[in-house]
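Biologist: Please show the structure, and let us then go through it by question and answer.

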Amino acid sequence: MIETTRRSLLAGMAALPFLPGIALGETVGGITRFDPALDALIDRASPIEVIASGFKWAEGPAWVKKGGYLLFSDVPANVAYRWKAGEGARPFLQPSGLAGTVPAGIREAGSNGMVVDAHGDLLMADSGTRAIARVNLATKQKTVIVGAFEGKKFNSCNDLAIGQGGMLYFTDPPYGLTDGDTSPLKQLDFNGVYRVNADGSDVSLIDKSLKRPNGIGVSPAMDRLYVSQSDPDAPKIFTCELAVDGSASTELVPLVDFSAEVAQKLPGLPDGMKVAKSGHLFASGPGGIYVIAPDGKKLGLISTGKAAANCCFGENGRTLFITSSDMVAKVRLKASGW
């Protein structure tokens, strides 16, 4: 049985400016239940509240527990923002990605996916620099962790997740390059999924078969990897088993298929994701953020009415922050994602 709640913008909202730094407090979209199991995770009556808007393409939300604030990227604008309740969103890193003059051929110069590690450092998929980088949040000093594979620059690192011992998993599609796969800047002849030690050593390729690898996540037991593909011809989430040393012990296989939703022309494609401590995936797909059981069953859909890029858990773990097209929204959960 499918049950849906819908909320519309308040009267006159269209006349209000959507600007970074203004916590509008308006509600949008709604929550659709595909399976009763959704009820243990989220209340379908929970409002989806816009907390900031006016961005080119909001991405990569990451909650900073020490300080209690949200960081997120506006990738094309090359700015990372800091949002805190009562303060709104303000530029935090500018530039967030590639510093200096942006050369021809770079379409998205800013940071993309971001996570905070156990030491409190910000780790980012730096699309413009074409690298995985670490940022000290106190000093804002950035250090490149890894920027190449077998002597060739990455395409445009997109998203990352933390595994056993701080090991990093990340995706490298060509979205940050103006001409994509045909870009003269592209040095690798594939779009890869990788792992690398936290210190940048031992970078290795997990998969090079996906046309558009994008979002990535790790199971709570750190024994399974999830990778989404933003290919409209194969819009799926893939998974593989991870060995004790963090290497992939099996090949990527499909777990969730969004072909039917693409056929319905719902906005967006599989993109970013986060994995809750319960093992459930909160993953973007056509129509919004899907709540997915560990076995791949779709339990529900959180929709803002626009394409959803990514999400993260924050506050006390029971708030889901969603970057969706030109805005950032939040919705309360019943169960903590941490």
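Modeller: Contact means heavy atoms within 4.5 Å. This is a predicted model, in which local features need pLDDT of at least 70, side-chain atom pairs count only at pLDDT 80 or more, and totals for chains, interfaces and linings use all residues. Residues are numbered from 1 along each chain as its sequence is written, and side-chain values use heavy atoms, with hydrogens and water left out.

Biologist: How many helices and strands are there in the protein?

Modeller: Helices (H or I, at least four residues) and strands (E, at least two) are DSSP runs, numbered from the N terminus. The protein has 1 helix and 28 strands.

Biologist: Which strand gives the largest share of the largest nonpolar core?

Modeller: A nonpolar core is a set of buried (under 20% relative accessible area, 1.4 Å probe, protein chains only) Ala, Val, Leu, Ile, Met, Phe, Trp, Tyr and Cys residues joined through side-chain atoms within 4.5 Å. The largest one has 23 residues. Among the elements that give two or more residues to this core are strands S24 (288-292) and S28 (327-332). The largest share, 3 residues, comes from S28.

Biologist: Which residues of strand S28 (327-332) or elsewhere have the most contacts inside that core?

Modeller: Those residues include Ile 302 and Val 331. Leaving aside neighbours within four places in sequence, Ile 302 is in contact with residues including Gly 30, Ile 48, Leu 320 and Val 331. The full set with the most contacts inside the core is Phe 282, Ile 289, Ile 302, Leu 320, Ile 322 and Val 331.

Biologist: What percentage of the residues count as buried?

Modeller: The count is taken over the 338 residues of the protein. The buried share is 57%.

Terms used. Buried means under 20% relative accessible area, exposed over 50%, partly exposed in between (1.4 Å probe, protein chains only).
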